[in-house]
Amino acid sequence: MKGLEAFAREAFPPARKVSLQSLTTWRIGGDAMCLDIGSAQAASDAIGRLDAEGIDWFVLGRGSNILAADGGYAGMLLAPGAGLAGVAWSLEDGMHRALAGCAARLPSLAGSACTRGAGGLLFAAGIPGSVGGAVCMNAGAYGSSISEVLSDVEAVGPGGSVSRLSAGDCRFGYRSSAFQGGGCLVTSARFRLPPGEAQALRREAADILRRRRSSFPLDLPSAGSVFRRAEGFDPPGMLIEKAGLKGTRVGGARVSEVHANFFVNDGGATSSDMASLIRIVRDGVERRFGVRLEEEIVYLGFDGGGTDDKAHR
Ligand SMILES: Cc1cc2nc3c(=O)[nH]c(=O)nc-3n(C[C@H](O)[C@H](O)[C@H](O)COP(=O)(O)OP(=O)(O)OC[C@H]3O[C@@H](n4cnc5c(N)ncnc54)[C@H](O)[C@@H]3O)c2cc1C
């Protein structure tokens, strides 16, 4: 970290040291160097330089799907900011088009879509991520996901190369995309949304928010669903509950009583508390039902300590 810190201060004077505890919704994690990214050009310059120096980097959206290690992250965080948070709306052939910067907040995008009478984004009401994070995770709810309304994205890849990818090129699957595993920063995304009736859309969005408030433990820090659904099995929350693991605790980390696929930070949870809880629950479900659940959350800064193939050192 010291070596990187010195390099970062020289090569990227605006880079700053940040606490991942304050930048993730789980409120867990140590320090890292962070560079705010305000434009596609800035992303391209930074990634070109970092790749040339062989320095690991990781794109941080709103930190709502990340378990960050207490030891922090030894590479450079790239944090898209206000310059990439704009949304431009237009109408084409009766369809609403939105060009959204990657740092735009997903709930705000969903809210403006309703107000304009643009459908297709109701599922996004209440998902506390950024547009870039939602594209990377193929975020979704209630049977819909972002890939269904996405036309294309602009992304900065290895060496700082900029490309435009159609939704078909993004290899979307259930909560997965070509962007997982790193190596690309999605700078903007274009959506194609069917027309709808603004008042009805707003009412449906309010219903969804009410439903979310009664189904999820939104009063405590979490990262949403910890595990993905496994095909052919009940949803993870149900498997965890049936395995008798609701309420299981390790230090300050606890399986929520409200929704068993949400693990909450009860105050003072460390990343190793949370990672141990994830292992205990995964093993318990596997023993009981013979299915090994896969994490939806992304590990950052774990030295192979999370699920090895997903850990960013
Ligand atoms: C209370 C709560 C409820 C939630 N409910 C849902 C839900 O209903 N459905 C759902 O799908 N998710 C849900 N989530 C999880 C989370 O909000 C989503 O996965 C969200 O899309 C993550 O966006 P983010 O900006 O926070 O990304 P982050 O958590 O910051 O990052 C997640 C991944 O995306 C990558 N990433 C972020 N930005 C970019 C970018 N610009 N370019 C390339 N890669 C990028 C990161 O590198 C990382 O790999 C919930 C989370 C919480 C805390």
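Q: Which residues come nearest to the ligand, of the 33 around it?
A: Let's start at the ligand in this predicted model. A residue counts as near if one of its heavy atoms lies within 4 Å. Of the 33 residues around the ligand, the ones that come nearest are Val-59, Gly-61, Ser-64, Ser-130 and Gly-140.

Q: How many Å separate a polar side-chain atom of Ser-130 from an oxygen atom of the ligand?
A: Ser-130 is one of the residues that come nearest to the ligand. Here the protein side uses a polar side-chain atom and the ligand side an oxygen atom, and the distance between them is 2.6 Å.

Q: Which residue has a polar backbone atom 3.4 Å from an oxygen atom of the ligand?
A: Two residues are worth a look here. Arg-175 has an N or O atom 3.4 Å from a ligand oxygen, but that atom belongs to its side chain. The residue with a polar backbone atom at 3.4 Å is Ala-134.

Q: What percentage of the ligand's accessible area does the protein cover?
A: On its own, the ligand has 970 Å² of accessible area. The share of this area covered by the protein is 94%.

Q: Which element gives the largest share of the shell around the ligand?
A: Strand 3, helix 5 (131–137), strand 8 (140–141) and strand 12 each give two or more residues to this shell. The largest share is five residues, and the element behind it is helix 5.

Q: Which are the edge strands of the sheet with the order 6-7-12-10-11?
A: This open sheet has five strands, with antiparallel pairing. An edge strand pairs on one side only, and this holds for strand 6 (87–92) and strand 11 (162–166).

Q: Which residue in strand 12 is the bridge partner of Val-156?
A: Strand 10 (residues 150–156) and strand 12 (residues 185–193) pair in the antiparallel sense over six bridges. Val-156 is at the end of the range given for strand 10. Its bridge partner in strand 12 is Leu-185.

Q: At about what angle does helix 4 run to strand 6?
A: Helix 4 (residues 106–116) lies across strand 6, strand 7 (95–101) and strand 12. Its angle to strand 6 is about 35°.

Q: How many degrees does the twist average from one strand to the next in the sheet with the order 1-2-5-3?
A: This open sheet has four strands and mixed pairing. Strand 1 (16–19) and strand 3 (57–59) are its edges. From one strand to the next, the twist averages 40°.

Q: Over which residues does pLDDT stay under 50?
A: The protein averages a pLDDT of 95, and 96% of the residues score at least 70. The stretch where pLDDT stays under 50 is residues 307–311.

Terms used
Residues numbered from 1 in each chain as written. Predicted model: local features only at pLDDT ≥ 70, side-chain atom pairs only at ≥ 80, totals over all residues. Heavy atoms only, no water. pLDDT = per-residue confidence, 0-100. Contact = heavy atoms within 4.5 Å. Pairing = 2+ DSSP bridges. Axes fitted to C-alpha atoms, helices over the stretch in contact; angles between N-to-C directions. Polar contact = N/O pair within 3.5 Å; in protein donor to acceptor, adjacent residues only side chain to side chain. Areas by Shrake-Rupley, 256 points an atom, 1.4 Å probe, with all protein chains shown as cover.
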